[in-house]
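Trainee: I would like to go through this structure by asking about one point at a time. Please show it before we start.

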Amino acid sequence: MTLALPTLQWRPVVLAVLIAAGPVLAFTFTPHHLMADSRQNVDLESALPKRIGEWQLTPGGDKAVISPDVQAVLDKFYSQTLSRIYVNPQGYALMLSIAYGKQQTDSLRLHNPEVCYSAQGFALSDRANATVLNPSGPLPVKRVLAQAGPRIEPITYWITVGDIVANETTHRKWLQIEYGLQGQIPDGVLVRVSSIDADSGRAYAMQDSFIHAMNQSLTPDALRMMMGQRS
């Protein structure tokens with residue numbers, strides 16, 4: 001009993017110190033530095049050539065019509081977006097969509113394509129992990145088959161956080177924490193390549209061919225931004 005009295009006497013003091021220091025500690029351990037501010041700015045429109053390997057941007061293929069309300073949502077979550085249609089000499093068409101976010105936080109985070117497609121009424125199946133063997137190294141990607149009525153759309157996509165490809169939500173959350181402990185707020189990009197094709201094997205082969213050519217066509221800064229530097 002004689003030892004308990006001093007402990008009880010100190011508790012209010014310790015509690016008061018912690019309460020007073022709370023805002024300071026919260027500020028100290030909250031990341032404030034945007035990684036994007038220390039990098040070379042990459043403009044998606046100019047970084048993606050109109051010709052990528054054998055793939056040519058279609059006339060008007062960069063003029064997707066987006067309703068004002070959807071555009072407002074995109075502007076809220078993403079710093080840059082780009083949508084294009086490329087076609088090869090055989091007439092096979094691919095849709096390329098890229099969304100870049102300057103900061104990946106709980107409130108401003110890239111969304112998986114599955115979320116957007118499901119919201120538009122697509123049924124999703126055949127989810128799988130895959131790897132595209134690019135000249136700069138293997139690129140881990142996700143595959144998913146989206147279908148709405150007669151429209152069948154095989155999709156390949158990947159997501160980067162900072163310099164790292166992270167296609168799983170838990171991995172992205174962990175990276176957010178890891179960068180945060182270094183005082184940094186990472187940027188992130190979602191790249192989606194898809195085609196309307198009932199033959200998913202052919203579609204994925206075409207998409208891999210395009211991604212391979214895209215990998216060769218990007219500058220080092222654009223390559224880091226869109227495909228990461230490590231997995």
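Trainee: Which residue in β11 stands opposite L96?

Mentor: Keep in mind that the model is predicted. Strand β11 covers residues 188-194 and runs antiparallel to β5, with 7 bridges joining the two. Within this pairing, the residue opposite L96 is V193.

Trainee: With which strand does β5 pair over 8 bridges, and in which sense?

Mentor: One point of register in this pairing is S83, which stands opposite S97 in β5. The partner strand covers residues 80-87, and the sense is antiparallel. The strand asked for is β4.

Trainee: Which residue in the turn between β4 and β5 has a positive phi?

Mentor: The two strands form a hairpin with 5 residues between them. In that turn, phi is about 90 degrees at one residue, G91.

Trainee: How many of the 9 residues of β5 are buried?

Mentor: Strand β5 spans residues 93-101 and has bridges to β4 as well as to β11. It is largely enclosed by the rest of the structure, because the number of buried residues in it is 7.

Trainee: Is S194 buried or exposed?

Mentor: S194 is found in strand β11. Its contacts include L94, M95, Y117 and I155. The relative accessible area of S194 is 1%, and the cut-off for burial is under 20%. S194 is therefore buried.

Trainee: With which side chain does the side chain of S194 make a polar contact?

Mentor: E153 and P154 are among the residues that S194 touches. The polar contact has a distance of 2.7 Å, and the partner is E153.

Trainee: What is the relative accessibility of Q207?

Mentor: Q207 lies in helix α6. It touches L94, P154, I155, T156, V193, S194 and S195, leaving aside residues up to four places away in sequence. Q207 counts as buried, its relative accessibility being 0%.

Trainee: How far apart are the C-alpha atoms of Q207 and L96?

Mentor: Along the chain, Q207 and L96 are 111 residues apart. Q207 touches V193, and V193 is the residue that L96 stands opposite. The C-alpha separation of Q207 and L96 is 9.7 Å.

Trainee: Which residue meets R202 in a salt bridge?

Mentor: R202 lies in helix α6, residues 200-217. It is partly exposed at 42% relative accessible area, and it touches Y92 and D197. The salt bridge measures 2.7 Å from N to O, and its acidic partner, buried at 6% relative accessibility, is D197.

Trainee: How many residues apart in sequence are the parts that D37 and K102 tie together?

Mentor: D37 forms a salt bridge with K102, with the closest N and O atoms 3.3 Å apart. D37 is in the loop between β1 and α2, and K102 is in the loop between β5 and α4, so the pair ties together parts whose separation in residues is 65.

Trainee: In the salt bridge of E114 with R127, how far apart are the closest N and O atoms?

Mentor: E114 counts as buried at 11% relative accessibility, whereas R127 counts as exposed at 53%. The distance between their closest N and O atoms is 4.0 Å.

Trainee: What is phi of D126?

Mentor: Most residues other than glycine have a negative phi. D126 is in strand β6, residues 123-134, and is exposed at 55% relative accessible area. Its phi is positive, near 55 degrees.

Trainee: How many of the 8 residues of α7 are buried?

Mentor: Helix α7 covers residues 220-227 and is mostly covered. A222, L223 and R224 are among its buried residues. The number of buried residues in α7 is 6.

Trainee: What accessible area do W174, I177 and L181 have together?

Mentor: W174 belongs to helix α5 and is exposed at 52% relative accessible area. With I177 and L181, W174 forms a nonpolar patch on the surface. The area of the three together is about 370 Å².

Conventions: Residues are numbered from 1 along each chain as its sequence is written. This is a predicted model: local features need pLDDT of at least 70, side-chain atom pairs count only at pLDDT 80 or more; totals for chains, interfaces and linings use all residues. Side-chain values use heavy atoms; hydrogens and water are left out. Buried means under 20% relative accessible area, exposed over 50%, partly exposed in between (1.4 Å probe, protein chains only). Helices (H or I, at least four residues) and strands (E, at least two) are DSSP runs, numbered from the N terminus. Two strands pair if DSSP finds at least two bridges between them. A polar contact is a pair of N or O atoms within 3.5 Å; within protein, one must be able to donate a hydrogen and the other to accept it, and residues adjacent in sequence count only if both atoms are side-chain atoms. Contact means heavy atoms within 4.5 Å. Patches are made of residues with over 30% relative accessible area and no salt bridge: like charges are joined within 9 Å, nonpolar side chains (Val, Leu, Ile, Met, Phe, Trp, Tyr) within 5 Å. Accessible areas come from the Shrake-Rupley method with a 1.4 Å probe; for residues, only the protein chains shown count as cover. A salt bridge is a side-chain nitrogen of Lys or Arg within 4 Å of a carboxyl oxygen of Asp or Glu.
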